[in-house]
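Student: Could you teach me how to read some features of a protein model, giving me the general idea before each case?
Tutor: Gladly; let us look at the model together.

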Amino acid sequence: MNNRKLMDWLDRMAKMCEPERIVWIDGSEEQRTELEREAVARGEVTRLDPGKWPGCLYHRTAVNDVARTENLTFICTRDRSDAGPTNNWMEPREAYRRAGEYFRGAMRGRTMYVIPFSMGPLGSPYSKIGVELTDSLYVVLNMLIVTRAGRKVLDELGPDGEFTRALHSVAELDENKRLILHFPEDNTIWSVNSGYGGNVLLGKKCLSLRIASHMGKQEGWMAEHMLIMGIEDPAGNVDYIAAAFPSACGKTNLAMLVPPAPFRSRGYKIWTVGDDIAWLRIGEDGRLWAINPENGFFGVAPGTNSQSNPNAMATIRSNSIFANVLLTDDGDIWWENGEGPPPPEGTSWDGSYWKPGMVEPDGLPKPGAHPNSRFTAPMSQCPIASPEWENPRGVPLSAIVFGGRCSTKVPLVYETFNWKHGVYTGATMFSELTAAQFGKLGKVRHDPMAMLPFCGYNMADYFRHWLEMGLRIKRPPKIFHVNWFRKDAGGKFIWPGFSENLRVLEWILRRAKGQIGAKETPLGMVPLSGDLNLEGLDLSDSDLEQLFAIDRELWLEEAAEHRHFFKRFNARLPRELLDECAALESRLSPDRLRPG
Ligand code: OXD
Ligand code: MN
């Protein structure tokens, strides 16, 4: 290896962590097989029944380490205000010093694996290279799925290439010493005392969102928490959309959607480009182009079954890694709302004995799989992987879709009036937390562009970056907002969701291409009667009315809430967003006297 910067850094990190040996990950199948064998021998992973789950592995993380820890995740910029009010901040020298104490000698008696990886297709001008040093084989085996990793990345890096320096150690897995640190100004990530994917697969959230969003701001592009999908119409035209939803709103399901019967029979097809992250750039044609920097999925298992997502089920059949699902003695796995009835008994996510019907001390059912249990699976195994998913140029976007989980006031779909209004709509996104995730049912959290936990710099500057990109994109995609989760008075979801969401996407694309009209409301443009294809759906007129109802009083309260949220950003907030808020208020209440 002749990259001096890499060798110097590796040398310094090895001196600090004191591993017994250093192993370079070359990306070969022989090495992967050997490391897998070693991980099994060490008990780090378990092989699943090769008949049922060929090539699949099982892993259990520590009981206190089963989700991203936002409270222990820091953006370490020299100036606190560059991290902004929505991020935890630590002064870089202090951060290196504190984590340095935990890293010191942390790899004694262990191996340090060196994983060169590329986010984005190898050799694409839009890709970014990172090198992760880790003492976890679980991390190595996962990174070999979710990124393109190995020797070919080093060839691409060359002697002078820049790369993200990503250091990870499970150390003691002590949650009191857990830190997930990002140094955007140094292109560096340090993660210590965790083994949970979102905290330790450093190419994913840490590099591809937090560090990359900062790079994008400097370099004139955007890193977004978005799925990318192609929608092929009966004439064979494929249009692409990117969609941002907060965690637990069904991004993976939407990205792998199966068209509902009337669409299928007409020849509609869906092509998955990505389910979680999109890097967006302005193409020479003046359109916005998207690449998926990842090479695989890291999806939530519970709720995934052949009804909700048959394509995901097909993707994870083989060569996948499962974490914190229920494991049976004969090497089978199961999760809540998965495939078929639960097994008669097994070992639950926390390592304890489990059988159906057990209850927790609080009287709630004891889950076999953790609600955030995960699968890691290669993108190439997705039966509807887009032929374009590795195109180094990416795919051109016709629409950007924002969404959240709202049981009360947000219409099924609306189109924003223009880019600026679209940015406002993204910046004021919110979602109800789900019981499974956070235990506080119905609580609402602001999550601008679904990037709240992932924006690597001051979100006020991020909003400005969005506005500025809009000025530079000659043929911008239209921006829409959707909500699949509106409930009726009885608490039942009104919209059937899942496959049927294609009906909404079809309307979005027809609008994006200027093929149909729409009706203006204070929030944006909504479908004219008859334009949303509802063929074969059991929806009454009153259901439809409820799906699109806009309660002006509730929305005036919501606009006041937007102002309240924006206050956190002080003078750094782009003025345009406050103007949009005022415009919304006056559309909601046209006769209200507004101060100059
Ligand atoms: C994820 C998340 O894991 O958004 O994708 O939390
Ligand atoms: Mn995500």
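Tutor: We start with a yardstick: the expected span of a helix is 1.5 Å times one less than its number of residues. Helices (H or I, at least four residues) and strands (E, at least two) are DSSP runs, numbered from the N terminus. This is a predicted model, in which local features need pLDDT of at least 70 and side-chain atom pairs count only at pLDDT 80 or more, while totals for chains, interfaces and linings use all residues. Residues are numbered from 1 along each chain as its sequence is written, chains are lettered from A and ligands numbered from 1 in the order in which they are written, and side-chain values use heavy atoms, with hydrogens and water left out.

Student: What span should helix H17 (residues 575-588) have, and how far apart are its end C-alpha atoms?
Tutor: Its 14 residues should span 20 Å at 1.5 Å a residue, and the end C-alpha atoms are 20 Å apart, which agrees.

Student: Which residues of H17 are buried, and what do they pack against?
Tutor: Buried means under 20% relative accessible area, exposed over 50%, and partly exposed in between (1.4 Å probe, protein chains only). In H17 the buried residues are Leu 577, Glu 580, Cys 581, Ala 582, Leu 584, Glu 585 and Leu 588. They pack against helix H11 (419-427), helix H13 (459-472) and helix H16 (552-567), where contact means heavy atoms within 4.5 Å.

Student: How does helix H7 (residues 203-219) compare with the span of a straight helix?
Tutor: H7 has 17 residues, yet its end C-alpha atoms are only 19 Å apart, short of the 24 Å that a straight helix would reach. The bend at a residue is the angle between axes fitted to the seven residues ending there and the seven starting there, and H7 bends by about 45° at Ala 212. Because 14 of its 17 residues are buried, H7 is largely enclosed by the rest of the structure. Just after H7, Gly 220 takes a positive phi of about 85°.

Student: What sign does phi have in most residues other than glycine?
Tutor: Most residues other than glycine have a negative phi. In this model, Met 449 has a positive phi near 50°, and so does Asn 570, with phi near 50°.

Student: Where do Met 449 and Asn 570 lie, and is each one buried or exposed?
Tutor: Met 449 lies in the loop between strand E28 (444-446) and H13, and it is buried, with a relative accessible area of 0%. Asn 570 is in the loop between H16 and H17, and at 63% relative accessibility it counts as exposed.

Student: How should I read a residue's contacts, for example those of Met 313?
Tutor: A useful reading leaves aside neighbours within four places in sequence, and Met 313 is then in contact with Thr 304, Asn 305, Ser 306, Trp 335 and Glu 339. Met 313 is found in helix H10 (residues 310-315) and is buried, with a relative accessible area of 9%.

Student: Which residues does Gly 338 contact on that reading?
Tutor: With its neighbours within four places in sequence left aside, Gly 338 is in contact with Thr 304 and Asn 305. Gly 338 lies in the loop between strand E21 (333-334) and strand E22 (346-347), and at 15% relative accessibility it counts as buried.
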